[in-house]
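Visitor: I'd like a close look at one single part of this structure, please. Pick a helix and take me slowly through its surroundings.

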Amino acid sequence: MKSNAIGLLVLRFFLGIFLLQWSIEKLVLPSSAIRISQSFYGVALPESMPYILGGAEVVLSTALLFGAFRTVSYGLALAIHTITVIVSWRQLFDPYGLAKVGNHLWIATWPTFGGFVALFLMRNSDIYTIDEWRARRLAHAKGG
């Protein structure tokens, strides 16, 4: 059982780092976020929006990294990545660029998606988290 919990800790850590990297990019390279938003999502972002989105994603990434508010943070992280999977379907189904759309690096989207799904489904088994620490501390304070 402990090995499962350690496995979830490792999965959560690397998915959190993955999401954090994209969050920081929005803050450091806002023009990149604007370009990506326009080309993949068909949405023209105002110049301030990458900072707002990046800041919100940093909060989400941090919650994910530490296992805080697991249902909400894991669910939102999964939702964000699911949107990416949906809008990049052409790249995902043309990994070798045969139709001049994608490249093979897009294949990494699939296992990342699977990781987010697995983490969300097993969120209650992820015991090395802030949520579990708070629950144990509260139980101890109540005398249990």
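Guide: Happy to! A helix here is a DSSP run of H or I that holds at least four residues, and the helices are numbered from the N terminus. By that rule, Ala 77 has its place in helix α4, and that is the part I suggest we explore. Please keep in mind that this is a predicted model.

A little background on the whole protein helps. Its secondary structure amounts to seven helices and zero strands, so the pattern along the sequence reads α-α-α-α-α-α-α. Along the principal axes, the C-alpha atoms fill a box of roughly 60 × 35 × 20 Å. Of the 144 residues, 34% are buried. Among contacts between residues at least 6 apart in sequence, 68% link residues at least 24 apart. The exposed area comes to about 9000 Å², with carbon and sulfur atoms supplying 72% of it.

Now to α4 itself, starting with its length. The 18 residues of α4 should span 26 Å at 1.5 Å a residue, and the 26 Å between its end C-alpha atoms agrees with that. Its buried residues are Arg 70, Ser 73, Tyr 74, Ala 77, Leu 78, His 81 and Val 85. These residues cover an arc of only 125 degrees around the axis, which puts them on the same side of α4. The general rule behind such a pattern is that an α-helix has 3.6 residues a turn, so residues three or four places apart point the same way. The face turned away from the buried side of α4 carries the exposed residues Val 72 and Ile 86.

Ala 77 is a good place to zoom in. Buried means under 20% relative accessible area, and Ala 77 counts as buried because its relative accessibility is 0%. What does Ala 77 touch, not counting residues up to four places away in sequence? The answer is Leu 19, Leu 60, Leu 64 and Phe 116. The C-alpha atoms of Ala 77 and Glu 57 are separated by 8.8 Å, with their positions 20 residues apart along the chain.

Stepping back, the cover over the buried residues of α4 includes α1, α3, α5, α6 and α7 (130–141). Let's visit some of these neighbours, beginning with α3. For the 18 residues of α3, 1.5 Å a residue gives an expected span of 26 Å, and its end C-alpha atoms agree by lying 26 Å apart. Buried in α3 are Pro 50, Gly 54, Glu 57, Leu 60, Ser 61, Ala 63, Leu 64 and Leu 65. Among them are Leu 60 and Leu 64, both of which touch Ala 77. The buried residues of α3 pack against α4, and also against α1, α2 (30–41) and α6.

The stretch that leads from α3 into α4 deserves a look too. After α3 comes Gly 67, with a positive phi near 70 degrees. Phe 69 sits in the loop between α3 and α4, and its phi, near 50 degrees, is a positive value in a residue other than glycine. At 52% relative accessibility, Phe 69 counts as exposed.

Next comes α6. The buried residues of α6 are Thr 109, Thr 112, Gly 115, Phe 116 and Leu 119. Seen down the axis of α6, these fall within an arc of 120 degrees, so they line one face of the helix. Phe 116 is one of the residues that Ala 77 touches. The cover over the buried residues of α6 includes α4, along with α1 (2–28), α3 (49–66) and α5 (89–92). On the face of α6 turned away from its buried side are the exposed residues Pro 111 and Leu 121. As for length, the 13 residues of α6 should span 18 Å at 1.5 Å a residue, in agreement with the 18 Å between its end C-alpha atoms.

Finally, α7 is where Arg 137 lies. Arg 137 counts as exposed at 53% relative accessibility. Its C-alpha atom is separated by 21 Å from that of Ser 73, and the two residues are 64 apart along the chain. Ser 73 brings us back to where we began, as one of the buried residues of α4.

Terms used: Residues numbered from 1 in each chain as written. Predicted model: local features only at pLDDT ≥ 70, side-chain atom pairs only at ≥ 80, totals over all residues. Heavy atoms only, no water. Helix = DSSP H or I, 4+ residues; strand = E, 2+ residues; numbered from the N terminus. Buried < 20%, exposed > 50% of the residue type's maximum accessible area, 1.4 Å probe, protein only. Contact = heavy atoms within 4.5 Å. Areas by Shrake-Rupley, 256 points an atom, 1.4 Å probe, with all protein chains shown as cover. Expected span 1.5 Å × (residues − 1). Arc of directions from axis to C-beta.
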